[in-house]
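Dear colleague,

I am passing on the structure we spoke about, together with some notes on what turned up in it. Please have it open while you read.

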Amino acid sequence: MADDNDQDFERGNGVGVVQKTAPKTKRPSLYKVVLLNDDYTPQEFVVWLLQAVFKKDAEEAVRIMMHVHNNGVGICGVYTYEVAETKVAQVMELSRRNQHPLQCMMERE
Ligand code: TYC
């Protein structure tokens with residue numbers, strides 16, 4: 001014998017229907033890691049750092065280093081918050097350990 005639910009189901013009244021909701025995923029904010037020029041850090045050190053920390057090939061590393069040298073500032077890469085934060089910390093620590101005044105920071109895209 002049909003109970004109330006069976007009757008609702010047969011009428012298509014929504015009993016037992018799985019309703020899809022829009023997925024609530026959001027793309028993470030991105031951050032530029034930028035290098036600042038100075039008069040003291042050797043060009044070779046900056047090129048080495050761009051390869052070691054930012055995984056650039058030699059040609060791209062030289063291009064970015066020269067861009068910073070000529071323009072005062074330049075982008076090393078764009079990353080999620082934690083990755084950008086880690087790369088900035090690595091640059092600052094490697095510069096400090098080698099006694100270079102090189103400065104690096106992150107900026108919201
Ligand atoms: N201007 C530096 C020099 O001539 C080289 C340099 C490039 C320094 C980029 C920092 O982020 C920098 N020795």
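In this predicted model, a polar side-chain atom of N37 sits 2.8 Å from a nitrogen atom of the ligand, while a polar backbone atom of D38 is likewise placed 2.8 Å from a ligand nitrogen, and H69 brings a polar side-chain atom to 2.9 Å from a nitrogen atom of the ligand. The protein buries 89% of the 350 Å² that the ligand exposes when taken alone. Two or more residues of the surrounding shell come from each of β1, α2 and α3, and α3 has the largest share, with three residues. By character, the shell residues divide into six nonpolar, four polar and one charged; among them are L35, V46, V68 and L102.

L35 deserves a separate word. This residue belongs to strand β1, which spans residues 30-36, and L35 counts as buried because its relative accessible area is 0%. Its contacts further along the sequence include V46, L50, V68 and C104, and its C-alpha atom is 6.8 Å from that of C76, although the two residues are 41 apart along the chain.

Helix α2, residues 43-52, has F45, V46, V47, L49 and L50 buried, and the buried residues of this helix pack against β1, α3, β2 and α4.

As for confidence, the chain has a mean pLDDT of 88, with 84% of its residues at 70 or more; over residues 1-14, however, pLDDT stays under 50, and I would read that stretch with caution.

Best regards

Notes. Residues numbered from 1 in each chain as written. Predicted model: local features only at pLDDT ≥ 70, side-chain atom pairs only at ≥ 80, totals over all residues. Heavy atoms only, no water. pLDDT = per-residue confidence, 0-100. Contact = heavy atoms within 4.5 Å. Helix = DSSP H or I, 4+ residues; strand = E, 2+ residues; numbered from the N terminus. Buried < 20%, exposed > 50% of the residue type's maximum accessible area, 1.4 Å probe, protein only. Near = heavy atom within 4 Å. Polar contact = N/O pair within 3.5 Å; in protein donor to acceptor, adjacent residues only side chain to side chain. Areas by Shrake-Rupley, 256 points an atom, 1.4 Å probe, with all protein chains shown as cover. Nonpolar A, V, L, I, M, F, W, Y, C, P; charged D, E, K, R; others polar. Lists of a residue's contacts leave out its neighbours within four places in sequence.
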